[in-house]
Amino acid sequence: MMNNKKSQELYNKGLKHLVGAVNSPVRAFKSVGGNPLFMERAHGSKIYDVDGNEYIDLVLSYGPMILGHGNNKVIEAVQKQVCTGFTFGASTENEIILAEMVCNVFPGMDKVRFVNSGTEAIMSAIRLARAFTNKNHIIKFAGCYHGHSDALLVAAGSGLVTYSLPGSAGVPADAVKNTLIAEYNNIDSVKKHLTECNDIAAVFIEPIAGNMGVVLPTDAFIKELRKITKEAGILLVVDEVMTGFRSKFGGAQELLGIEADITCLGKVVGGGFPVGAYGARNEIMNMVSPLGDVYQAGTLSGNPVAMAAGIATLTELKAQNPYDKFNRQAEQLEKALLDAANENGIGLTVNHFGSMFNPFFSNKKITNFAEAQECNTEQFTKFFWGMIENGIYIPPSQFEAWFLCSVISDEEMERLIKGINNAMKLVG
Ligand SMILES: *Cc1c(COP(=O)(O)O)cnc(C)c1O
């Protein structure tokens with residue numbers, strides 16, 4: 001057994017003044033039992049906990065660290081900016097540079113507004129979509145996560161997909177009464193809302209879903225969704241907070257052959273610092289304050305240090321162009337997972353998009369939230385702890401994507417495959 005004495009001590013200490021000893025519930029290991037690991041440092045593809053255990057990191061802070069930890073160019077840019085000034089409450093050139101980089105690679109994005117998180121980008125996009133269309137309702141898909149703002153925090157788990165039920169205490173029914181739920185990969189579930197309601201401002205979607213585990217849209221579904229929203233004058237808000245810069249330098253939209261009305265970004269775009277963004281064509285973005293009447297502001301928005309990290313990360317990512325490598329390595333790991341499951345008589349499905357992928361403990365194809373919910377989470381829990389024991393850090397939930405960074409070596413790939421084989425033996 002690995003030693004995690006110090007993590008245990010810190011966890012117990014943390015409980016006193018932090019809620020559950022964490023600042024975000026996904027870190028709490030609740031669904032896999034046991035207590036969270038406390039991390040101390042990270043370098044390249046590795047992360048080290050406070051007890052000195054080394055892991056290959058497939059969590060990567062839930063996505064941002066696509067270059068691995070401590071990339072030299074990013075460190076240099078951040079250090080330089082820190083010495084020049086942390087924040088001014090005024091405009092800086094870095095904001096213009098990052099805006100240009102982002103607008104150049106997302107189709108139909110003329111202007112962008114930087115905020116501090118994915119949640120903030122999405123909640124601003126709701127306001128903007130409502131103002132632009134002069135309508136109130138929004139559609140989201142069961143199993144898609146768009147941050148924790150009231151209007152989109154609707155669980156609608158299996159069997160409840162047609163009802164708008166608040167997914168959290170403290171969200172008044174009024175705050176979600178304009179939120180309609182549709183089923184991923186089921187265009188009829190969207191059409192039904194369009195027939196029944198003529199007050200729909202926008203449809204929100206993860207172009208590749210990553211928050212119910214990785215679920216890909218069918219070509220017909222995503223194209224039809226674009227077509228019917230356009231025809232109805234409803235904005236399509238594509239949430240690329242996770243998928244942005246994931247499978248190519250840019251977003252998922254181009255690969256899928258669709259163009260968003262509003263695109264939301266986060267995670268990679270801030271290179272490990274708190275950055276979110278929403279952008280669209282001029283006609284839409286010009287409605288945002290100070291050009292228009294849609295108010296949205298932030299003391300630290302476009303923070304110079306975060307912008308510097310974002311610029312350096314995107315510049316380095318473009319230069320490295322690791323996307324073929326991502327696909328190759330993800331396919332190798334996919335095969336290793338399936339082979340290991342097969343050898344041990346375990347039902348397993350793997351979904352994969354670029355550098356994000358994950359195994360589902362299920363015999364069936366996973367195409368929506370209801371199917372994802374049917375996975376064997378007890379098997380996942382055994383597998384999770386097996387991976388931890390083998391020095392591989394994966395998200396502590398069946399319903400999270402795993403991520404690859406660009407500095408995983410062949411030797412580390414071997415360690416990963418060996419770890420997968422060992423962990424799968426414990427599932428049974
Ligand atoms: C992570 C995520 C968010 C929320 O971003 P935060 O920075 O955690 O607020 C929104 N949408 C998607 C698709 C995400 O993966």
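Helices (H or I, at least four residues) and strands (E, at least two) are taken as DSSP runs and numbered from the N terminus. The exercises below use that numbering on a predicted model.

**Exercise 1. Locate Met242 in the chain and decide whether Met242 is buried or exposed.**

Step 1. Met242 sits in the loop that joins strand 8 (235–239) to helix 8 (252–256).

Step 2. The cut-off for buried is under 20% relative accessible area. Met242 has 5% relative accessibility and therefore counts as buried.

Step 3. For a spatial partner, take Ile208: the C-alpha atoms of Met242 and Ile208 are 8.6 Å apart, with their positions 34 residues apart along the chain.

Step 4. Met242 is also one of the residues around the ligand.

**Exercise 2. List the residues around the ligand and sort them by class.**

Step 1. The list runs Ser117, Gly118, Thr119, Tyr145, His146, Gly147, Glu206, Asn211, Asp239, Val241, Met242 and Lys267.

Step 2. Sorted by class, this shell holds three nonpolar, six polar and three charged residues.

**Exercise 3. Which atoms of Gly118, Thr119 and Tyr145 lie 2.8 Å, 2.6 Å and 3.2 Å from ligand atoms?**

Step 1. For Gly118, a backbone N or O atom is 2.8 Å from a ligand oxygen atom.

Step 2. For Thr119, the atom is a polar one of the side chain, 2.6 Å from an oxygen atom of the ligand.

Step 3. For Tyr145, a backbone N or O atom is 3.2 Å from a nitrogen atom of the ligand.

Step 4. As for cover, the ligand on its own has 380 Å² of accessible area, and the protein covers 83% of this.

**Exercise 4. Describe the second largest pocket by volume, lining and class.**

Step 1. The space in the second largest pocket comes to about 650 Å³.

Step 2. Its lining consists of 29 residues; those nearest the centre are Ser91, Glu95, Val112, Arg113 and Phe114.

Step 3. Among the contributing elements, helix 3 (93–105) and strand 4 (111–115) each give at least two residues to this lining.

Step 4. By class, the lining of the second largest pocket comprises 14 nonpolar, eleven polar and four charged residues.

**Exercise 5. Place Gln398 and state why Gln398 counts as buried.**

Step 1. The loop between strand 13 (392–393) and strand 14 (402–403) contains Gln398.

Step 2. Gln398 counts as buried because its relative accessibility is 3%.

Step 3. Along the chain Gln398 and Val32 are 366 residues apart, while their C-alpha atoms are separated by 8.9 Å.

Key: Residues numbered from 1 in each chain as written. Predicted model: local features only at pLDDT ≥ 70, side-chain atom pairs only at ≥ 80, totals over all residues. Heavy atoms only, no water. Near = heavy atom within 4 Å. Polar contact = N/O pair within 3.5 Å; in protein donor to acceptor, adjacent residues only side chain to side chain. Areas by Shrake-Rupley, 256 points an atom, 1.4 Å probe, with all protein chains shown as cover. Nonpolar A, V, L, I, M, F, W, Y, C, P; charged D, E, K, R; others polar. 1 Å grid on protein atoms, 1.4 Å probe; cavity = no way out; pocket = protein on both sides within 12 Å on 5 of 7 lines; lining within 4 Å. Points joined across faces, edges and corners; volume = space filled by probe spheres on them. Buried < 20%, exposed > 50% of the residue type's maximum accessible area, 1.4 Å probe, protein only.
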